[in-house]
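Please open the structure in a viewer and display side chains as sticks. The tour below proceeds from one selection to the next.

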Amino acid sequence: MKILKNDAYIRALLRESVDITPVWMMRQAGRYLPEYKKIRAQAGDFMSLCKNTQLACEVTLQPLRRYPLDAAILFSDILTIPDAMGLGLYFTTGEGPKFHFPIRLKADVDKLPIPDPEQELRYVMDLARTVRKELAGTVPLIGFAGSPWTIATYMVEGGSSKIFSRLKGMLYTEPATLHLLLNKLTQTVILYLNAQIQAGVQSIMIFDTWGGVLSGENYRIFSLNYMHQIIEGLTRENEGCKIPVTLFTKGGGQWLEAIAETGCDAIGLDWTTDIGEARHRVGDKVALQGNMDPAVLYAPAPIIEKEVASILGAFGKGEGHIFNLGHGVHQDTPPEHVRIFVDAVHRLSKNDAASG
């Protein structure tokens, strides 16, 4: 068993007592940091950065040098999987990710390989091993993947979308084809995340960014069902320690009870869900991660601190809160405001987090 110097994040996920509420941020390594922009320019393009172990490690560690965050998260992307499946991922300035070979027909799904995580995705595993070594037991390392539904949105649409017409068209007219795709993605995500765990990550996040665009019934059938299968297939202990799993569905506040039944350890909340109400609904079944609006970080210090205090107060005393934003930090966020945010979480939660 390897001991962490700061294990507050893991303890909070497992609903154990902590001295302060731990905090990290989705997209904490990224474009709001000037030091990131320098590395990004050096790499040439986003995927070249992801696939360069030393540069990706540097980017992963940058926010921890600036702020006393309680966890690191691998610098990677949820679209590494379809890229490894041969869809030809590329990024266009101002337009986000795109694929040269999107999924349109059942024949396209039939041809998809299931990548070997230590071959086609080895660069992610090498990154995990390198970051673990560099962290030297200071804070835990988070690994992640997109949910099958969310990955499928990009694969079928060929990139980002607002209405998901192609994928929803497939859902209603060719559901068997969509299930075939989601099954392949589920198998791949299980292999991918278990390889990350073997490579040293100490916690897992599953990002279901677009689950909230589904109706309630379809969310359970086409998204939650597959995340449940992933959880059942994951290695839940490594190096003598439990590997907690967090599910995050953006726009998923109406389905918290169903998400809590999957066997996950924590639910990530966006800012549209009151964390106090969420805690009342799920009780002590799971921990909760969240959930400040990232736009609050544009505000001056008193407003940031007021919002932090409000969310801590809404959660209340006791175990099971990991403070985070309700989605990723915006790229034009002032870096000094992040320091105000992180310090406020630690200061305002001290001595309160463990009591209840």
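Is E239 buried, partly exposed or exposed? In this predicted model, E239 is partly exposed, with a relative accessible area of 29%.

Keep E239 selected and add R132. The two residues form a salt bridge, with their closest N and O atoms 3.0 Å apart. R132 lies in helix α7, whereas E239 belongs to the loop between β6 (237-238) and β7 (241-242), so this pair ties together parts that are 107 residues apart in sequence. R132 counts as buried, because its relative accessibility is 16% and the cut-off for buried is under 20%.

Next, select E118 and R129. Their side chains meet in a salt bridge at 3.0 Å, N to O. E118 sits in the loop between α6 (106-111) and α7 (122-135) and R129 in helix α7, so the contact ties together parts that are eleven residues apart in sequence. Both partners are partly exposed: E118 has a relative accessibility of 25%, and R129 has a relative accessible area of 32%.

Extend this selection to R122 and D126. Together with E118 and R129, these residues are linked in a network of salt bridges.

Then move to E58 and R65, whose side chains meet in a salt bridge of 2.8 Å, N to O. Here E58 is partly exposed, at 25% relative accessible area, while R65 counts as exposed, at 53% relative accessibility.

Finally, return to a view of the whole structure, where a search finds 14 salt bridges. The pairs visited above include R132 with E239 and E58 with R65.

Key: Residues numbered from 1 in each chain as written. Predicted model: local features only at pLDDT ≥ 70, side-chain atom pairs only at ≥ 80, totals over all residues. Heavy atoms only, no water. Salt bridge = Lys/Arg side-chain N within 4 Å of Asp/Glu carboxyl O. Buried < 20%, exposed > 50% of the residue type's maximum accessible area, 1.4 Å probe, protein only. Helix = DSSP H or I, 4+ residues; strand = E, 2+ residues; numbered from the N terminus.
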